[in-house]
Amino acid sequence: MENEITELRKEHVNFRKLLDLLEQQLDLFHYGETPDYPLMTDILHYMTRYPDHFHHPKEDVIFGRLAQCDSRVVQRVEGLARQHHVIAESGARIHDNLESVLNGAVMPRRMIEAPGLLYVSYYRTHMDQEESELFVLADKLLGDDDWKKINGEMRSHPDPIFGHDIEERYRAVYRHIVQTTACAG
Ligand SMILES: [Fe+2]
Ligand SMILES: [Fe+2]
């Protein structure tokens with residue numbers, strides 16, 4: 001049943017695309033240009049809804065099971081759960097600031113740029129740690145019975161950007177990702 005981990009890894013690839021897009025927009029500040037605020041708001045809207053509500057809770061369940069199997073990973077698991085909280089809180093704050101700008105508030109650049117860039121790098125490091133440590137251990141240590149229990153506790157929801165149907169509000173984000181991928185190819 002290692003395919004849950006395969007799914008989480010695939011989701012990381014998707015999240016990295018969104019973080020790259022967000023970073024590209026934030027970099028525009030540095031060049032004295034204005035970033036695309038609606039696009040950044042939609043990215044944070046997705047990040048604070050899909051990963052924070054479904055991807056991270058799934059990982060918490062899987063990692064929790066892992067900690068029951070191997071007490072040596074307890075600290076690591078607690079650390080990653082704390083990081084999930086930090087990601088959710090900082091993402092929500094950035095999203096609120098971006099939304100205020102869209103609603104006409106005058107927001108100093110420092111309220112968006114530095115928190116946004118920190119969010120991007122913290123998130124990437126978080127995913128790197130999961131991929132190189134606990135995902136590998138989960139593949140190795142968890143058996144069919146563990147996965148049965150894990151699946152009984154997990155909540156699933158279709159991904160509104162990378163799933164079968166793209167939610168209306170994310171169409172612009174999706175178009176940007178397709179364009180960026182096409183350019184990279
Ligand atoms: Fe995570
Ligand atoms: Fe993750």
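Me: Why does T48 count as buried?

Reply: A residue is buried if 20 or more other C-beta atoms, placed from the backbone, lie within 10 Å of its own, exposed at 12 or fewer, and partly exposed in between. T48 makes the grade because its count of C-beta neighbours inside 10 Å is 20.

Me: And what kind of model is this?

Reply: Residues are numbered from 1 along each chain as its sequence is written, while chains are lettered from A and ligands numbered from 1 in the order in which they are written. Local features need pLDDT of at least 70, side-chain atom pairs count only at pLDDT 80 or more, and totals for chains, interfaces and linings use all residues, this being a predicted model.

Me: Which residues does T48 touch, leaving out those up to four places away in sequence?

Reply: T48 sits in helix α2 (helices are DSSP runs of H or I, at least four residues, numbered from the N terminus). Its C-alpha is 8.0 Å from that of H95, 47 residues away along the chain. Counting a contact when C-beta atoms lie within 7 Å, T48 touches A88, G91, A92 and H95.

Me: Where is the kink in α4 centred?

Reply: Helix α4 covers residues 113–141 and reaches 41 Å from first C-alpha to last, close to the expected 42 Å (1.5 Å times one less than its number of residues). Still, α4 has a kink of about 40°, taken as the angle between axes fitted to the seven residues ending at a residue and the seven starting there. That kink is centred on E131.

Me: Which helices do the buried residues of α4 pack against?

Reply: The buried set in α4 includes Y119, Y123, M127, L134 and F135. Their packing partners are α1 (3–30), α2 and α3 (74–102).

Me: How many charged residues are in the contact of α2 with α4?

Reply: These two helices pack at about 65° with axes 10 Å apart (lines fitted to C-alpha atoms over the stretch in contact, with angles from 0 to 180 degrees between N-to-C directions). On the α2 side are E59, I62, F63, L66 and C69, facing E130, L134, L137, A138 and L141 of α4. The contact of α2 with α4 has eight nonpolar residues, no polar ones, and the number of charged ones is two.

Me: Which residues of α5 meet α2?

Reply: The axes of α2 (37–69) and α5 (144–153) come within 9 Å and cross at roughly 145°. V61, I62 and R65 of α2 meet, in α5, D146, K149, I150 and E153.

Technical notes
Contact = placed C-beta atoms within 7 Å. Nonpolar A, V, L, I, M, F, W, Y, C, P; charged D, E, K, R; others polar.
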